[in-house]
Amino acid sequence: MAVDRTPVLKRCRSLGMEPMYLGIDKKSNRQLVRSSRKMSEYGLQLREKQKAKFIYGVLEKPFRNLYAKAERMKGLTGPNLMILLELRLDNVVFRLGLARTRKEARQIVDHKHVLVNGKCINIPSYRVKAGDKIEIREKSKSSQRYKDILEATSGRLVPAWLEADQENLCGTVIETPLREQIDVPVNETLIVELYSK
């Protein structure tokens, strides 16, 4: 399995985004020295794609497959792509406050701690649907890890399209999110332009 081992803060600086979108509270003290050269149109498009891939922790091939799926769906490709990324199981676990970062959410799903509608799912890219109930399995609920996680994520806002019950370590997907409800700093139209070349 391929793993991105780039230092997170360094990557955030190079992509010009805040680490808080990954669930990380740290701030980098260093400033990225940008060259005075203007970035090309292709460079801007590529950076938006890299930003989306980095935030959601998706590699190139799965990202391209998601793009193809978004293209086949009704409506605009860009917002469809963002909605598909947002409905990944690891992202929903992160959004519900059951993990501190998206990487941790992915690990929790990988290690079979998550049940979707009572069934154990260990595929981070599993797409949840409206009405799905996501919970941490009974055996893991009592572990110290989740007490620490709840303490760290207690102040985090849960999006309107999700309903979280942090006491019982579970949540429900109320509806499919709209693009306006996704607070990720990615300009998806540039990604569409990049792939449609």
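Mentor: Two strands count as paired if DSSP finds at least two bridges between them. Keep that in mind for the predicted model above. In it, Leu162 has Val173 in β5 as its bridge partner.

Trainee: How do you know that β4 and β5 pair?

Mentor: The cut-off is at least two bridges. β4 and β5 are joined by 4 bridges and run antiparallel, so by that rule they pair. The two strands also form a hairpin, with 4 residues between them. Leu169 lies in the turn and has a positive phi of about 50°.

Trainee: How do you know that β1 and β3 pair?

Mentor: The same test applies. Strand β1 (residues 114-116) and strand β3 (residues 133-136) are joined by 3 bridges and run antiparallel. The rule asks for at least two, so β1 and β3 pair. Val114 has Ile136 as its bridge partner in β3, and Leu115 has Glu135.

Trainee: What joins β3 to β5?

Mentor: 3 bridges do, and the two strands run antiparallel. Strand β5 covers residues 170-173. In β5, Gly171 is the bridge partner of Ile134, and Thr172 stands opposite Lys133.

Trainee: What is the order of the strands in the sheet?

Mentor: The order is β2-β1-β3-β5-β4, an open sheet of 5 strands with antiparallel pairing.

Trainee: What makes β2 and β4 stand at the edges?

Mentor: Each of them, β2 (119-120) and β4 (162-165), has a single partner strand, so one side of each is left without a neighbour in the sheet.

Trainee: Now the charges. Why is the contact of Lys51 and Glu48 called a salt bridge?

Mentor: The term needs a side-chain nitrogen of Lys or Arg within 4 Å of a carboxyl oxygen of Asp or Glu. For Lys51 and Glu48 the N to O distance is 3.4 Å, which is within the limit, so the name applies. Both residues lie in helix α2 (residues 41-56), 3 residues apart, about one turn of the helix. Both are also buried.

Trainee: What is the distance between the closest N and O atoms of Glu86 and Arg95?

Mentor: The distance is 2.5 Å, and the pair forms a salt bridge.

Trainee: Why is Glu86 called buried or exposed?

Mentor: Buried means under 20% relative accessible area. Glu86 has 1%, so Glu86 counts as buried. Its partner Arg95 has 10%, so Arg95 counts as buried too.

Trainee: Which residue forms a salt bridge with Glu138?

Mentor: Lys141 does, the closest N and O atoms being 3.5 Å apart. Glu138 and Lys141 both lie in helix α7 (residues 138-141), 3 residues apart, about one turn of the helix.

Trainee: Is Glu138 buried or exposed, and how do you know?

Mentor: Exposed means over 50%. Glu138 has a relative accessible area of 61%, so Glu138 is exposed.

Trainee: Which residues do salt bridges join into one network?

Mentor: Lys49, Lys53, Glu60 and Arg64, through salt bridges that share partners. A search of the whole structure finds 14 salt bridges.

Trainee: Which residues form the positive surface patch?

Mentor: Lys69, Arg72, Arg127 and Lys129 form it. Take Lys69, which is placed in helix α3 (residues 60-72). A patch residue needs over 30% relative accessible area and no salt bridge. Lys69 has 32%, so Lys69 passes the area part of that test.

Trainee: What makes Lys69 partly exposed?

Mentor: Partly exposed lies between the 20% and 50% limits. The value for Lys69 is 32%, so that label fits. Ala68, also placed in helix α3, has 27% and is therefore partly exposed.

Trainee: How far apart are Ala68 and Ala105 in space?

Mentor: They are 25 Å apart, C-alpha to C-alpha, and 37 residues apart in sequence.

Trainee: What is the phi of Lys112?

Mentor: It is positive, about 60°, although Lys112 is not a glycine. Lys112 is placed in the loop between α6 (102-110) and β1. With a relative accessible area of 44%, which is between the two limits, Lys112 is partly exposed.

Trainee: Where is Asn117 found?

Mentor: Asn117 is found in the loop between β1 and β2. Its phi is near 55°, a positive value in a residue other than glycine.

Trainee: What makes Asn117 count as partly exposed?

Mentor: Exposed would need over 50%. Asn117 has 49% relative accessibility, so Asn117 counts as partly exposed.

Conventions: Residues numbered from 1 in each chain as written. Predicted model: local features only at pLDDT ≥ 70, side-chain atom pairs only at ≥ 80, totals over all residues. Heavy atoms only, no water. Patch = residues over 30% accessible without salt bridge, like charges linked within 9 Å, V, L, I, M, F, W, Y side chains within 5 Å. Areas by Shrake-Rupley, 256 points an atom, 1.4 Å probe, with all protein chains shown as cover. Lys, Arg positive; Asp, Glu negative; His and termini not counted. Charge placed at Lys NZ, Arg CZ, Asp CG, Glu CD. Buried < 20%, exposed > 50% of the residue type's maximum accessible area, 1.4 Å probe, protein only.
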